[in-house]
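Trainee: I've just opened this one and don't know where to look. Could we walk through it together?

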Amino acid sequence: MPDVWTHLICGHEVLKLAREDFREMARRERKLFNFGCQGPDFLFYYNFLPWAGDKRAVALGNRIHHESCGLFFRECLKHARHNPGEKSLVYIMGLMCHWCLDRAAHPYINYISGTCRGDGPGEEKLVNNHKRVEASIDSLLAKRFLGIDVQKVPVHREIYLGGSLPPEVQALYSRVLPLVFGDGCLAGADILNKSYSDMIAALKVLHDPRGAKRLVASLYDLISPRVDNMRYYFYGATVGDPEAYLNEDHRPWCHPMDQAEVHYESFSDLFLRAVGDTVEMIDLSMRFVLGEAGEAEIRDKITDISHSTGKIHSDEREMVYFLPVLP
Ligand SMILES: [Zn+2]
């Protein structure tokens, strides 16, 4: 599934540089750390089949990505300080990897994938193009860092934690989410566990080593009256032009919210920035949990930067500047 590998690789790179005490902890709880690196994305898999029931967890996943990210992480750390234990700490630091990579890379990924805003001519190509772009980046990075072909290796094994989420993770969310998003945000069925098991189920369904399922999805796309671009959910056998995704020639691109904010970073530059930011944040978080840093310091350094825009959440400008890489 697109983007899972890139987040896993970011976590691997962070662990190489993170402080020793945390690294040891994360090694003991490796799959939990890997699952943490997927951030709140697991909520997007709740009832993942298009025709299956309500999408409450998806809305919550979006809120965690955009709103009050700083407050969310500060409350997570306070919970970890008052409830000592490796599991919640390892999971929170995984979430931080996800946050730092999303906020560094999303402006670029959004710029090169675009969003479908209506049904203007040619816009059908943009439906799920974000997924397709992230799948391409996954393939390229997994080859480069791990020497693997993502189409052949089942990714769900990397994050499988058994039949349900560890009680420590459930306790963390049950405490923090109502504090940040209000009492009703977890109402109803067991949203967290179902999202986790739906994610594992979806990743198994999307594992397609011979490309047969992608072929069926392509046929569906061809005959379906709706534009779903279902094939983009599967890894393809090859990625067209790697440079179109990685920008190693440092061609200019702009922040999708601001045409005047021009960047030249490659994807690797953004990825390395995310790794560095996470290593620093893990150090601060460890110091906070151990009582060596105070609330003022985390309030200062862990702020409400949105996963999607890389900007402070109160900046409500729309993302409108894109130059999509198309199939
Ligand atoms: Zn995410």
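What follows is a chat that goes from the whole chain down to single residues.

Mentor: Sure, and keep in mind that this is a predicted model.

Trainee: Got it. How many helices and strands are there in the chain?

Mentor: Scroll along the chain and count each kind of element. You'll end up with 14 helices and two strands.

Trainee: Is the chain as compact as a globular protein of its length, or less so?

Mentor: Start with the globule rule, which gives 20 Å for 327 residues. The radius of gyration is 19 Å, close to that value, so the chain is as compact as a globular protein of that length.

Trainee: And what does the C-alpha trace span along its principal axes?

Mentor: Turn the model so that you look along each principal axis. The spans come out at about 60 × 45 × 40 Å.

Trainee: What share of the residues is buried?

Mentor: A residue is called buried if 20 or more other C-beta atoms lie within 10 Å of its own. Going through the 327 residues of the chain that way, the buried share is 42%.

Trainee: What share of the contacts with a separation of 6 or more is between residues 24 or more positions apart?

Mentor: Here we leave out contacts with a separation below 6. Of those that remain, the share from residues 24 or more positions apart is 75%.

Trainee: Let's zoom in on helices. How do H2 and H6 lie relative to each other: parallel, antiparallel, perpendicular or oblique?

Mentor: H2 covers residues 20–28, and its axis comes within 10 Å of the H6 axis. The two axes cross at roughly 100°. Angles of 65 to 115 degrees count this way, so H2 and H6 are roughly perpendicular.

Trainee: How do the residues of that contact divide into nonpolar, polar and charged?

Mentor: On the H2 side you have Phe-22, Met-25, Ala-26 and Arg-28. H6 brings Glu-86, Leu-89, Val-90 and Met-93. Sorted by type, that's six nonpolar, no polar and two charged.

Trainee: Now the inside. Which helix gives the most to the largest nonpolar core?

Mentor: As a rule, nonpolar side chains in soluble globular proteins tend to be buried together. The largest nonpolar core here has 86 residues, and those with the most contacts inside it are Cys-10, Ile-92, Met-93, Met-96, Ala-105 and Ala-274. With 17 residues, the top contributor to this core is H6.

Trainee: Is Ile-92 buried or exposed?

Mentor: Ile-92 lies in helix H6. Beyond four places in sequence, Ile-92 touches Gly-36, Cys-76, Leu-77 and Ala-80. It has 21 other C-beta atoms within 10 Å, so Ile-92 is buried.

Trainee: Which residues does Met-93 touch?

Mentor: Set aside anything up to four places away in sequence. What's left for Met-93 is Phe-22, Ala-26, Gly-36, Ile-282 and Ser-285.

Trainee: Lys-87 is charged. Is Lys-87 buried or exposed?

Mentor: Lys-87 is found in helix H6. Its contacts, leaving aside neighbours within four places, are Glu-29, Leu-32, Pro-166 and Glu-168. With 21 C-beta neighbours inside 10 Å, Lys-87 counts as buried.

Trainee: How far apart are the C-alpha atoms of Phe-288 and Lys-78?

Mentor: Phe-288 sits in helix H13 (residues 267–289), and it is buried, with 21 other C-beta atoms within 10 Å. Its contacts beyond four places in sequence are Leu-77, Arg-81, Ala-293 and Ile-298. Along the chain, Phe-288 and Lys-78 are 210 residues apart, but their C-alpha atoms are separated by 8.4 Å.

Trainee: What about Glu-297: buried, partly exposed or exposed?

Mentor: You'll find Glu-297 in helix H14 (residues 295–301). It has 13 other C-beta atoms within 10 Å, which makes Glu-297 partly exposed.

Trainee: Last one: where is Asn-128, with its positive phi?

Mentor: Most residues other than glycine have a negative phi. Asn-128 has a phi of about 65° although it is not a glycine. Asn-128 is buried, with 20 other C-beta atoms within 10 Å. Its place is the loop between helix H6 (86–113) and helix H7 (129–146).

Methods:
Residues are numbered from 1 along each chain as its sequence is written. This is a predicted model: local features need pLDDT of at least 70, side-chain atom pairs count only at pLDDT 80 or more; totals for chains, interfaces and linings use all residues. Helices (H or I, at least four residues) and strands (E, at least two) are DSSP runs, numbered from the N terminus. A residue is buried if 20 or more other C-beta atoms lie within 10 Å of its own, exposed if 12 or fewer, and partly exposed in between; C-beta atoms are placed from the backbone. The radius of gyration is taken over C-alpha atoms; the globule rule is 2.2 Å times the number of residues to the power 0.38. Two residues are in contact if their C-beta atoms, placed from the backbone, lie within 7 Å. Axes are lines fitted to C-alpha atoms, for helices over the stretch in contact, and angles run from 0 to 180 degrees between N-to-C directions. Angles under 35 degrees count as roughly parallel, over 145 as roughly antiparallel, 65 to 115 as roughly perpendicular and the rest as oblique. A nonpolar core is a set of buried Ala, Val, Leu, Ile, Met, Phe, Trp, Tyr and Cys residues joined through C-beta atoms within 7 Å.
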